[in-house]
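The following exchange examines how several structural terms are applied to a single protein model. Each answer sets a value against the criterion that the term requires.

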Amino acid sequence: MTFKNDTKHQHFLSACEQKLNCINPNAKRENRKIYSFEVYNHINLILKKPSKIKVDNNLCDLDLFTFDIIDHKYRENFESLFQGFEDDLVDITGIILEKAYCSNPSFNLEPFHLFIVKFFNVIKSPYSINECLLLFCNVLNFRPHDEKLDELLNKVREPNNLRVKHLCEKFSITTKEYSSWLSIIFMLATDMGNSKKIYTEFVKSLFECNKTDVFVEIYTFDDDCCLLSDRGYTKPNSKDKSLVFDFNISSKCFIRYIFFERKNIKPNHFKVHCGLSVKHNDFYSLKKYNHLVIIQSHKKVLNSKDYITGCDVSYVD
């Protein structure tokens, strides 16, 4: 794998995810636009009036994941690592959306593979760097066995990027936290030579843990109504200490993953280790989902429409 390319503006929430929520998904890439609502007051659901912005210029930053600027054109960054996740996202999302709208949907491992792609947003979002460092701090103790990868890790740990100071100020982190964040992304997402990634093995452990059961809920709708958070995910609160993640799949669909401790589950509650249900036009759940997207967003929420469904929001200029 090569890390060298000429990509300067690097998305932390992929353009292909935004495409599934844009105004016209069938438009040419350079013409795709999405409605952006800046959150003025998270708790009281006060938003600024929406603006149309280009997907290519949204939720990205200049040299955010660059660890070596080679010259005025080329740099080394994580674009090649992220491309694999994005290719998988396009394929898996298409399959899930097709199956979810069937009268009797049947799923195999698609929800698991989608979680692999979607949960990576938690890791690569600059708005969640502290959470990433807390969750994967032990990864900083690992070193690749491959000499070339080890040399690359050394470069990642001491990035040659003049924008580091600006990025740290923008996202309220230290230079050490920034380099540690890049190092974790590199170690988690890079194939270390045995066709396995640390990140993939971590996700598998969540689903295969003997002390945990997983339930997946897919919510589909006839109309465009599901918001997309600038963080790429939300975490609903759980009364029974379950771990819950919500992810936008498209403007008409979102998915919820619930990880239960088995001691909190009634006997025979699940027939299989990973249960799944599909709900159509459940507007009560949509209201709660969109409400939480606004509250937990960093700065803005995105939509394919210039209005928000299900939430009582107010607007300021």
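Q: What makes two strands count as paired in this predicted model?
A: Two strands pair if DSSP finds at least two bridges between them. Strand β9 (residues 212-220) exceeds that criterion with β13 (residues 274-280), to which seven bridges join it in the parallel sense. Within this pairing, Ile218 stands opposite Val278 of β13.

Q: How do you know that β9 also pairs with β12?
A: Nine bridges join β9 to β12 (residues 253-261), and the two strands run antiparallel. Because at least two bridges are required, the pairing is established. Val216 of β9 has Tyr257 of β12 as its bridge partner.

Q: Why is β9 described as largely enclosed?
A: A residue is buried when its relative accessible area is under 20%. Nine of the nine residues of β9 are buried, so the strand is largely enclosed by the rest of the structure. Thr212, Val214, Val216, Ile218 and Thr220 point one way, whereas Asp213, Phe215, Glu217 and Tyr219 point the other way, and all are buried.

Q: Why are β1 and β7 said to stand at the edges of their sheet?
A: Three strands form an open sheet in the order β1-β8-β7, with antiparallel pairing. β1 (residues 4-5) and β7 (residues 68-69) each have a single partner strand, so one side of each is left without a neighbour in the sheet.

Q: How do you know that β1 and β8 are paired?
A: Two bridges link β1 to β8 (residues 75-76) in the antiparallel sense. The requirement is at least two bridges, so the pair qualifies. Asn5 has Arg75 of β8 as its bridge partner.

Q: How do you know that the span of helix α7 agrees with expectation?
A: Helix α7 (residues 175-189) has 15 residues, and at 1.5 Å a residue it should span 21 Å. Its end C-alpha atoms are 21 Å apart, which agrees.

Q: What makes α7 a mostly covered helix?
A: Twelve of its 15 residues are buried; among them are Tyr178, Trp181, Leu182, Phe186 and Met187. The covering elements include α2 (79-100), α3 (110-124), α4 (129-135), α5 (147-157), α6 (164-170) and α8 (198-208).

Q: Why is Leu153 called buried?
A: The cut-off for a buried residue is under 20% relative accessible area. Leu153, which is found in helix α5, has 0% relative accessibility and therefore counts as buried. Leaving aside residues up to four places away in sequence, Leu153 touches Phe142, Arg143, Pro144, Ser183, Phe186 and Met187.

Q: What makes the lining of the largest pocket a mixed one by class?
A: The lining has nine nonpolar, five polar and seven charged residues. This pocket holds about 510 Å³ of space and is lined by 21 residues, of which Pro236, Asn237, Val244, Arg256 and Lys288 lie nearest its centre. At least two lining residues come from each of β9, β11 (243-250), β12 and α9 (283-296). Helix α9 gives the most, with eight residues.

Q: What lines the second largest pocket, and which element gives the most to that lining?
A: The second largest pocket has a volume of about 370 Å³. Of its 20 lining residues, Ser14, Ala15, Cys16, Arg29 and Glu86 are the closest to its centre. Two or more lining residues come from each of β2 (9-11), α1 (15-19) and α2. Helix α2 gives the most, with nine residues. By class, the lining divides into six nonpolar, eight polar and six charged residues.

Q: Why is a space called a cavity and not a pocket?
A: In a cavity a 1.4 Å probe fits but cannot get out, whereas a pocket is open. The structure holds two cavities of 30 Å³ or more. The largest has about 60 Å³ of space, and its lining includes Ser14, Phe85, Glu86, Val117 and Lys124. Helix α3 gives the most to this lining, with four residues. The second largest cavity has about 40 Å³, and residues lining it include Leu227, Tyr233, Phe247 and Tyr289. Strand β11 gives the most to that lining, with three residues.

Note on methods. Residues are numbered from 1 along each chain as its sequence is written. This is a predicted model: local features need pLDDT of at least 70, side-chain atom pairs count only at pLDDT 80 or more; totals for chains, interfaces and linings use all residues. Side-chain values use heavy atoms; hydrogens and water are left out. The expected span of a helix is 1.5 Å times one less than its number of residues. Buried means under 20% relative accessible area, exposed over 50%, partly exposed in between (1.4 Å probe, protein chains only). Contact means heavy atoms within 4.5 Å. On a 1 Å grid over the protein atoms alone, a cavity is a set of points where a 1.4 Å probe fits but cannot get out, and a pocket is an open set with protein on both sides within 12 Å along at least five of seven lines; lining residues have an atom within 4 Å of a point. Grid points are joined across faces, edges and corners, and a volume is the space filled by probe spheres set on the points. Ala, Val, Leu, Ile, Met, Phe, Trp, Tyr, Cys and Pro count as nonpolar, Asp, Glu, Lys and Arg as charged, and the others, Gly among them, as polar.
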